[in-house]
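Welcome! Let us take a friendly look at how the inside of this protein is put together.

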Amino acid sequence: MTYFEPFGTDTENASREAALRSVPHLRDMDLPCEVEVATAMLPVVFASAGKVLAEAVERFHPDAVIAIGEAGGRSAITPELQAFNENIARIPDNAGAQPDGEPVIAGGPAIAASPVRVADITRAITGAGINAETSQDPGRYLCNNIAYRVAQLPVPGLFIHVPALRTVGVATVGGETDAPSAAVPQPALSPTAQPTLLTDIAHAAPSTEAAAVALPRPATTFDELGRGIAAAIAELARQVAETR
């Protein structure tokens, strides 16, 4: 699972919080198998983000990959159906580059579709009580760049946008996908909990009672984002397990 570093003038990126907070929630979920999660932080740099992704895949040899980014104008968690072979930067990346139409991968297909059952991922998130919608357009910034690469990995890959929540105030970036969003003050993870790479293991606990049905609503805290991403991980694990 990957997430992005902060970019622009912002000091937080909701994708990081969603990724790191998802792992504890997995321990309380009905998983089809033991799930080991390895995470990697990607730079918001067109020239190197894909390389860092490839290095993480080479290091961990995962059975599946989920990449997470933030979208400013979205109030729902949005799994992406597809991505486009085009880089367009409304603002410069963290290295100052601002591509305007260059391909993500020269000679690659114009559109790369996610090989997983995205609609089932969306349903799993809403089943956890968090609002989710399937998206057909991840923008053209770094999120699209990584979504395009993830869709073509030799293992099942999926990109998910989360709302651009902030501990305090509002996101000043995020219009790369949609319009800027509002946020609700909330506690952030300690600055010491910022690993570039980490691993954790979540064990499924048998369910003894039927879970109460929760009506989906927009995630307004980082922890709720984590719960939604945990549901996505569990569903993707089920899809992978079906192939074995």
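Leu225 is a good place to start in this predicted model. Leaving aside residues up to four places away in sequence, Leu225 touches Ala14, Ala18, Ile77, Val162, Pro163, Leu165 and Ala219. A second, separate core of 26 residues includes Ala89, Val150, Val155 and Phe159.

Leu225 itself belongs to the largest nonpolar core, which has 37 residues; Leu225, Ile160, Val162 and Ile229 touch the most other members. Several elements each supply at least two residues of this core, and the table shows where they lie.

| Element | Residues |
|---|---|
| Helix H1 | 14-26 |
| Strand S2 | 35-42 |
| Strand S3 | 65-71 |
| Helix H3 | 118-127 |
| Strand S9 | 157-163 |
| Helix H5 | 222-242 |

Which element gives the most to this core? That is H5, with 10 residues. Helix H5 has 21 residues and spans 31 Å from its first C-alpha to its last, close to the 30 Å expected at 1.5 Å a residue. Because 16 of the 21 residues of H5 are buried, this helix is largely enclosed by the rest of the structure.

Now for the empty spaces. The model has two cavities of 30 Å³ or more, and the second largest has a volume of about 60 Å³. It is lined by 13 residues, and Glu80, Ser114, Ala147, Ala151 and Phe159 are the closest to its centre. S9 provides the largest share of this lining, three residues. By class, the lining of the second largest cavity holds nine nonpolar, three polar and one charged residues.

Note on methods: Residues numbered from 1 in each chain as written. Predicted model: local features only at pLDDT ≥ 70, side-chain atom pairs only at ≥ 80, totals over all residues. Heavy atoms only, no water. Core = buried A, V, L, I, M, F, W, Y, C linked by side-chain atoms within 4.5 Å. Buried < 20%, exposed > 50% of the residue type's maximum accessible area, 1.4 Å probe, protein only. Helix = DSSP H or I, 4+ residues; strand = E, 2+ residues; numbered from the N terminus. Contact = heavy atoms within 4.5 Å. Expected span 1.5 Å × (residues − 1). 1 Å grid on protein atoms, 1.4 Å probe; cavity = no way out; pocket = protein on both sides within 12 Å on 5 of 7 lines; lining within 4 Å. Points joined across faces, edges and corners; volume = space filled by probe spheres on them. Nonpolar A, V, L, I, M, F, W, Y, C, P; charged D, E, K, R; others polar.
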